[in-house]
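Colleague: I have just opened this entry and would like a guided tour. Could you take my questions one by one?

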Amino acid sequence: MLGVVKEFGHFRAVDDVTLKIEPNEFFTLLGPSGCGKTTLLRMIAGFEMPTNGRLLLDESDISGLLPNQRPINTVFQNYALFPHMSVAENIGFGLKMLGKPKAEVDRTVGEMLSLVRLNGRGNNPVTQLSGGQQQRVALARALAPRPKVLLLDEPLSALDLKLRKSMQIELKRLQAETGITFVFVTHDQEEALTMSDRIAVMSEGKVRQVGSPWDIYDHPAERFVADFIGETNFLEADVVSLGGGLARVRLSSGSEIAATFPSDFLPQGKVTVVVRPEHAQVVPRGDSTAALKGTIKDIVYLGTDTHFHIHLDDGTLFIVRQQNAKSGPCGFAKGEAVGIGVNDDVAQILRD
Ligand code: ATP
């Protein structure tokens with residue numbers, strides 16, 4: 001899509017979005033409620049017309065086509081199956097409407113039942129299925145006409161946590177097996193990281209960053225992205241030198257660390273540096289690896305991990321997440337003055 005804008009009256013819900021989604025990609029639009037992701041999806045589907053900009057599919061402009069003229073299907077959160085129909089009738093509905101011969105409809109329905117692992121359930125009324133099974137029927141129905149693109153608008157949010165986790169894996173498998181491009185909308189960052197080939201992080205109608213899950217997580221370019229995805233420590237620092245694609249920055253403690261930075265940005269002077277909690281370790285105060293110094297405010301034991309909430313000497317709160325490599329207490333106490341080691345080259349400088 002090229003320069004896509006959607007205005008409702010004077011309100012700009014989608015603000016100049018240009019995105020290239022690749023064929024056979026699991027692509028996620030991620031952002032908080034109201035950021036414009038559903039509006040963007042509805043424009044791809046054809047339910048909303050852009051105020052400005054163009055939508056291209058395989059190089060041809062689809063902006064003027066009606067929803068049913070686009071080789072695109074949508075699965076909604078409230079999957080709206082037809083309650084008076086069987087599983088097979090629901091799955092075959094779209095194909096029947098397209099006027100496909102009965103033999104072809106039956107064959108495709110059979111394939112779809114097996115794809116979503118509901119073999120033998122074709123004659124069941126949909127009302128007798130569990131929520132997860134109904135969601136599979138909705139997926140099968142949307143996949144049956146073999147669209148080029150499947151749009152999924154928070155399709156898992158009505159399911160309980162355990163079912164949601166298994167459906168995440170299921171959706172990823174379905175995308176890989178069918179080779180259909182999936183465009184998935186969610187506000188759940190963990191869901192986006194788990195499933196996507198690439199993620200576009202949105203806020204206030206704009207795309208803030210596009211990248212693979214590890215790009216977005218390890219190299220957030222903006223404060224919004226760093227804050228929205230995962231837990232983050234923000235540190236003020238001064239750039240000392242640049243070289244080899246890295247910057248050396250001096251922290252408020254006087255220590256220097258190496259940091260990465262966005263490729264379209266040349267850091268200088270005062271910058272903000274992001275350090276993920278799992279990229280730091282609590283060490284004795286005098287340890288040679290201590291890049292920061294502070295006092296432990298809280299220790300939270302979580303079985304696999306321990307979280308340390310540390311007040312740095314300059315007053316900033318810093319969180320360290322350490323894997324528990326051995327059993328028993330961590331060896332540090334609340335109120336203890338400690339040092340913090342920061343792993344090499346994992347800190348990231350944010351764009352201004
Ligand atoms: P959610 O996850 O809550 O659905 P979202 O990121 O999908 O949020 P949208 O539904 O795209 O956000 O809405 C973006 C903004 O546009 C919101 O402020 C919403 O109130 C507004 N909006 C959406 N549709 C309309 C409409 N038909 N008329 C007026 N404003 C609208």
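What follows is a conversation that moves from the whole chain to single residues.

Modeller: Before we start, this is a predicted model, in which local features need pLDDT of at least 70, side-chain atom pairs count only at pLDDT 80 or more, and totals for chains, interfaces and linings use all residues. Residues are numbered from 1 along each chain as its sequence is written.

Colleague: How many helices and strands does the protein chain have?

Modeller: Helices (H or I, at least four residues) and strands (E, at least two) are DSSP runs, numbered from the N terminus. The C-alpha atoms fill a box of roughly 80 × 50 × 35 Å along the principal axes. Within the protein chain, the count is eight helices and 21 strands.

Colleague: How far apart are the C-alpha centres of domain 1 and domain 2?

Modeller: Domain bounds come from an automatic or database domain assignment. For this chain the assignment gives domain 1 (2-218) and domain 2 (231-349). The separation of their C-alpha centres is 39 Å.

Colleague: What percentage of the residues in the protein chain is buried?

Modeller: A residue is buried if 20 or more other C-beta atoms lie within 10 Å of its own, exposed if 12 or fewer, and partly exposed in between, with C-beta atoms placed from the backbone. Applied to the 352 residues of the protein chain, that gives a buried share of 36%.

Colleague: Which helix gives the most to the largest nonpolar core?

Modeller: A nonpolar core is a set of buried Ala, Val, Leu, Ile, Met, Phe, Trp, Tyr and Cys residues joined through C-beta atoms within 7 Å. The largest one has 90 residues, and those touching the most other members include Ile 91, Met 112 and Val 273. Domain 1 and domain 2 both contribute residues, so this core lies between them. The helix that gives the most, with six residues, is helix 4 (residues 131-143).

Colleague: Which residues does Met 112 touch, leaving out those up to four places away in sequence?

Modeller: Two residues are in contact if their C-beta atoms, placed from the backbone, lie within 7 Å. Met 112 is among the core residues that touch the most other members. With residues up to four places away set aside, its contacts are Ile 91, Ala 140, Leu 143 and Ala 144.

Colleague: Which helices help cover the buried residues of helix 2?

Modeller: Helix 2 spans residues 87-97, and its buried residues include Val 87, Ile 91 and Leu 95. Just after this helix, Gly 99 takes a positive phi of about 80°. The cover over the buried residues includes helix 3 (102-115) and helix 4.

Colleague: Which helix supplies the largest share of the shell around the ligand?

Modeller: A residue is near a molecule or strand if its C-beta atom, placed from the backbone, lies within 6 Å of it. The residues around the ligand include Phe 8, Gly 36, Lys 37, Thr 38 and His 187. Strand 2 (11-17) and helix 1 (37-45) each supply at least two residues of the shell. The largest share, three residues, comes from helix 1.

Colleague: Which residue takes a positive phi in the hairpin of strand 10 and strand 11?

Modeller: Two strands pair if DSSP finds at least two bridges between them. Strand 10 (residues 198-203) runs parallel to strand 3 (residues 26-30), with four bridges, and antiparallel to strand 11 (residues 206-211), with five. In the hairpin of strand 10 and strand 11, two residues lie between the strands, and the one with a positive phi near 45° is Glu 204.

Colleague: In strand 21, which residue is the bridge partner of Ala 259?

Modeller: Along strand 14 (residues 256-260), Ile 257 and Ala 259 point to one face and are buried, while Glu 256, Ala 258 and Thr 260 point to the other and are not. Strand 14 pairs with strand 13 (residues 246-251) in the antiparallel sense over four bridges. Strand 14 also pairs with strand 21 (residues 347-349) in the parallel sense over two bridges. There, the partner of Ala 259 is Ala 347.

Colleague: Why is Val 271 called buried?

Modeller: Val 271 is found in strand 15 (residues 270-275). Its contacts, leaving aside neighbours within four places in sequence, are Ala 237, Val 239, Val 249 and Ile 349. Val 271 counts as buried because the number of other C-beta atoms within 10 Å is 20.
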